[in-house]
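Me: I should like to learn how to read the features of a structural model. May we take one feature at a time?

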Amino acid sequence: MTATSLLSLLPYAATFLLFLLLLEQLSYLSKKRSLPGPTVVLPFLGNAIPLVCNPTRFWDIQSSLAKSSPVGLSANYIFGRFILFVRDTNLSHKIFANVRPDAFALVGHPFGKKLFGEHNLIYMTGQAHKDLRRRIAPNFTPKALSTYTALQQNVILRHMRNWLRISSLSGQDPIPLRFLVRDMNLETSQTVFVGPYLDPAARERFKSDYNFFNVGLMKLPIDLPGFAFRNARLAVSRLVETLSDCAKESRKRMENGDDDVEPTCLIDFWMHETVQEHRTAGETGSIEPAPAHASEAEIGAHLFDFLFAAQDASTSSLLWAVTLLDSHPEVLEKVREEVAGIWSPEWDSPITAEMLSKMKYTHAVAREVVRYRAPATMVPHIAAVDFPLTETYTIPKGTIVFPSAFESCFQGFTEPERFDPNRFSDERHEDRVYKRNYLAFGAGAHQCVGQRYALNHLVLFIAMFCTLIDFRRHRTDGCDDIEFVPTICPKDDCKVFLSPRCTRFPAASSP
């Protein structure tokens, strides 16, 4: 074909391309209908660039548009996908209650299946999902949580000592807490979830791979060598493999031990139940099939689910706890007074689960931190079918739907814009009165299975941090603005000045 012939085809190619672009715009507008949102979007990319460059502003705009809508919805377009932002609490509950093959699929992240794999816990539905949650439940009993409390304290103490050392070396400069808290939480998760089955070298590799994963979450989903998304996907595979090896070692310990062998971490509790189930079946001569979700590979994948759910959300809550306690000195004083009446570092003994249960006000502070700054602000779902959400709007099949837990937590409650732990007191019990609005841990079949563990960790951190350390925020304009990283944290990474508050730290406890 000659160059002249090719040139003669250009007008037709351009016309065809313009026709496709017009079809894309018309398709978007037909799905959007009368909902607030951009009228014209870039081909394919849509508003992906503003989302990646400034996610806080992007979601603020979606929230403002949804507030202007009588149905509490707003629309947009990202990477060829129509998206729907849901502000209304009742509509969010409707989505959470309809996670099933013929309604909605929970995805956790718009491109989560590429990162987490097809068989991740968050993608499960029906009886298989119920069976897995039943198998997970023994990992969060009071006995298990008590075991984890001792492990958590040892890690927290070690890191707080290091924070004080770093702060003293920084002179007059504040130190940013975000990465320090993230590293502490990662070690806490490693220790609580897989305990003695990770050696120091494996922990360092684990830390590096989790950083690859974290960075990739907020980048464009380009699955090519050298791109952050590809690095994240490969890192997840290595993390799951490492956790599977830990499950294998735990199974050996549980199988070789007596019936009364004591679990020392979460994977031990999981394997203890699994081994006991096998032994019972053997003793009774049962020919029941092997328990579902009991292979090391499956358990390793589910442990990664726990890690992802706990790590970044917990880091967010701990940072906001420091920020909000600093800006509310009357709350800080009440926390310190309550903790001092229950535990003292001079006793040289750890905070027990029983002591934690007595810290009623500190628990209220933790719950209010999570309400006021819900770490998982949105929970993405995909519409598997055309779903009638309201009398006037049907969600088109394939839409990525974002129910906003953050927005719901500011609806219903008394003076929701005010940080007020007393709303969770026995006198006001707003946690019961406005239970439907408290969506920080989700709702429905996929409600966070580890929420008691998450709250215990936050209460323990608050009690220890406020008792052992004097702290002051380095306040600048906008320092407390919200930043997505991928959960939310203070924009300045929570810069603080730290100094010891007690003459000595308590000794590490024996788990």
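Reply: Let us begin with a single residue: His93 is located in helix H4, where helices (H or I, at least four residues) and strands (E, at least two) are DSSP runs numbered from the N terminus. The model is a predicted one, in which local features need pLDDT of at least 70, side-chain atom pairs count only at pLDDT 80 or more, and totals for chains, interfaces and linings use all residues. Residues are numbered from 1 along each chain as its sequence is written, and side-chain values use heavy atoms, with hydrogens and water left out.

Me: Does His93 count as buried or exposed?

Reply: Buried means under 20% relative accessible area, exposed over 50%, and partly exposed in between (1.4 Å probe, protein chains only). His93 has 16% relative accessibility and therefore counts as buried.

Me: Which residues is His93 in contact with, leaving aside neighbours within four places in sequence?

Reply: Contact means heavy atoms within 4.5 Å. On that basis His93 touches Arg436, Leu439 and Ala443.

Me: Across which strands does helix H4 lie?

Reply: Helix H4 (residues 89-96) lies across S1, S2, S3, S5 (381-383) and S8, and runs at about 125° to S8. Such angles run from 0 to 180 degrees between N-to-C directions, with axes fitted as lines to C-alpha atoms, for helices over the stretch in contact.

Me: What is the order of the strands in the open sheet?

Reply: Strands of a sheet pair through backbone hydrogen bonds, either parallel or antiparallel. Two strands are taken as paired if DSSP finds at least two bridges between them. Here five strands form an open sheet in the order S1-S2-S8-S5-S3, with mixed pairing. S1 (73-78) and S3 (104-106) are at the edges with a single partner strand each, so one side of each has no neighbour in the sheet. From one strand to the next, the twist averages 30°. S1 pairs with S2 (residues 81-86) in the antiparallel sense over six bridges; Leu73, for instance, has Val86 in S2 as its bridge partner.

Me: Which strands does helix H3 touch?

Reply: Helix H3 (residues 55-67) packs on the sheet and touches S1, S2 and S8 (400-403). The direction of H3 makes about 145° with that of S1.
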